[in-house]
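Trainee: I should like to learn how to read local features from a set of coordinates. May we work through one example together?

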Amino acid sequence: MKSDRKYLFPNVIELNLQAGRPMGVNVYLIDGGSEYVLLDIGQTDALNDIIDLLRHLDFPLSKCKMVIATHADADHVQALAGARERLKTKTAAHPHAAAVLLSGDVVQTYASIPAQNFHIDMPAFKVDKKLDEGDVVKVGDLDLHVWHTPGHTPGQLSFKLNNVLFSGDTLYADSCVGAIDAHHGSNLPDYLTSLRRILADDAAFIAPSHGPAFRKDPAVVQAAIDRLTKYQYLADFGTCAVSWPLQEQWERDVLAGRMPVL
Ligand SMILES: [Zn+2]
């Protein structure tokens with residue numbers, strides 16, 4: 001049985017939308033005609049369904065040029081090793097994400113949050129190919145431009161295809177951003193650089209790793225920039241904050257012998 005392909009953008013299918021049911025992280029298929037690539041693959045329990053879907057859509061498994069990890073979080077890449085084997089394809093990621101996957105670091109991959117008793121499997125895995133800023137992945141006649149957009153993680157990639165930016169976990173439709181967490185390598189100044197780049201870019205649409213794709217509204221990007229700018233000076237963000245002005249003022253007061261005004 002063949003299914004009709006539901007293109008979200010020209011040459012782009014999102015597999016949850018295509019299936020008509022949520023299977024996990026967004027999985028974008030970039031259809032270059034003679035070959036295709038997948039952006040993220042999700043968790044192992046959805047891999048069979050994704051492979052069935054590819055078959056129903058008449059995308060031969062042998063034409064999958066590459067499965068690219070937007071970053072090394074387990075919900076995006078747990079099935080990477082399985083996909084590599086089943087599709088007989090290559091895997092690709094940013095060098096930092098590749099190093100995290102190779103080391104089997106379950107904290108940086110969010111496979112394990114011991115304090116919340118959260119654990120999923122994320123065996124160590126060697127990525128075939130490294131992708132970084134400025135690389136271009138050819139998919140048939142299409143050019144997929146690779147952006148390095150650190151902030152949520154040091155190894156976060158985004159991808160530009162014509163007027164669509166695949167933002168990974170960098171920005172969502174409601175202006176939320178990927179989790180900011182010191183154990184995860186999050187970096188607020190880097191994050192702001194990545195968001196300002198998105199704001200300045202001419203992409204008309206953003207296709208994130210979670211939630212719906214959306215038309216790029218500068219106000220949505222700016223709201224994230226404004227929030228993260230404040231986060232840099234809030235104790236709430238612990239060691240991800242750049243400084244905490246209250247503490248600095250208090251130290252000056254202590255040194256000067258100034259008592260607090262009560
Ligand atoms: Zn994610």
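Mentor: Let us begin with a helix. In α5, the residues H96, A97, A98, V100 and L101 are buried. Please bear in mind throughout that this is a predicted model.

Trainee: What covers the buried residues of α5?

Mentor: The covering elements include α3 (74-77), β5 (90-93) and β8 (129-130).

Trainee: How should I read burial for a single residue, for instance H96?

Mentor: One counts the other C-beta atoms within 10 Å, and 20 or more make a residue buried. H96 has 21 such atoms, and it is therefore classed as buried. Its place is in helix α5, which spans residues 95-103.

Trainee: Which residues does H96 touch, not counting those up to four places away in sequence?

Mentor: H96 touches P154 and G155 under that condition. A separate reading is the C-alpha to C-alpha distance: H96 and A72 are 24 residues apart in sequence and 8.6 Å apart in space.

Trainee: Where is K63, and how does its burial class read?

Mentor: K63 is in the loop between α2 (47-56) and β4 (64-68). The partly exposed class lies between the limits of 12 and 20. K63 has 17 other C-beta atoms within 10 Å, so it is partly exposed. Beyond its neighbours within four places in sequence, K63 is in contact with E35 and Y36. Its C-alpha atom is separated by 17 Å from that of K129, 66 residues apart along the chain.

Trainee: Let us turn to the backbone. Which residue takes a positive phi just after α5?

Mentor: That residue is G104, with a phi of about 70°. A positive phi also occurs at N11, although N11 is not a glycine; its value is about 70°. D40, likewise not a glycine, has a positive phi of about 70°.

Trainee: Where do N11 and D40 lie, and are they buried or exposed?

Mentor: N11 is found in the segment before β1 (12-14). It has 20 other C-beta atoms within 10 Å and is therefore buried. D40 lies in the loop between β3 (36-39) and α2. With 25 other C-beta atoms within 10 Å, D40 is buried.

Trainee: How does one read a nonpolar core?

Mentor: In soluble globular proteins, nonpolar side chains tend to be buried together. Here, the largest nonpolar core has 67 residues. The members that touch the most others are I30, V37, I41, I68, L80, A93 and L101. Take I41 as a case: leaving aside its neighbours within four places in sequence, I41 is in contact with V27, I50, V67, V77, A79, L80 and A83.

Trainee: Finally, at what angle do α6 and α7 pack?

Mentor: Helix α6 (residues 188-200) and helix α7 (residues 218-231) pack at about 165°, with their axes 10 Å apart. Angles over 145 degrees count as roughly antiparallel, and α6 and α7 are therefore roughly antiparallel to each other. Their crossing is left-handed.

Trainee: Which residues make the contact of α6 with α7?

Mentor: From α6 come L188, Y191, L192, L195, R196, I198 and L199. From α7 come P218, V221, Q222, A224, I225, L228, T229 and Y231.

Trainee: How do the residues of this contact divide into nonpolar, polar and charged?

Mentor: The contact of α6 with α7 comprises twelve nonpolar residues, two polar and one charged.

Terms used
Residues are numbered from 1 along each chain as its sequence is written. This is a predicted model: local features need pLDDT of at least 70, side-chain atom pairs count only at pLDDT 80 or more; totals for chains, interfaces and linings use all residues. Axes are lines fitted to C-alpha atoms, for helices over the stretch in contact, and angles run from 0 to 180 degrees between N-to-C directions. Helices (H or I, at least four residues) and strands (E, at least two) are DSSP runs, numbered from the N terminus. Angles under 35 degrees count as roughly parallel, over 145 as roughly antiparallel, 65 to 115 as roughly perpendicular and the rest as oblique. A crossing is left-handed if the near helix is turned anticlockwise from the far one by less than a right angle, and right-handed if clockwise. Two residues are in contact if their C-beta atoms, placed from the backbone, lie within 7 Å. Ala, Val, Leu, Ile, Met, Phe, Trp, Tyr, Cys and Pro count as nonpolar, Asp, Glu, Lys and Arg as charged, and the others, Gly among them, as polar. A nonpolar core is a set of buried Ala, Val, Leu, Ile, Met, Phe, Trp, Tyr and Cys residues joined through C-beta atoms within 7 Å.
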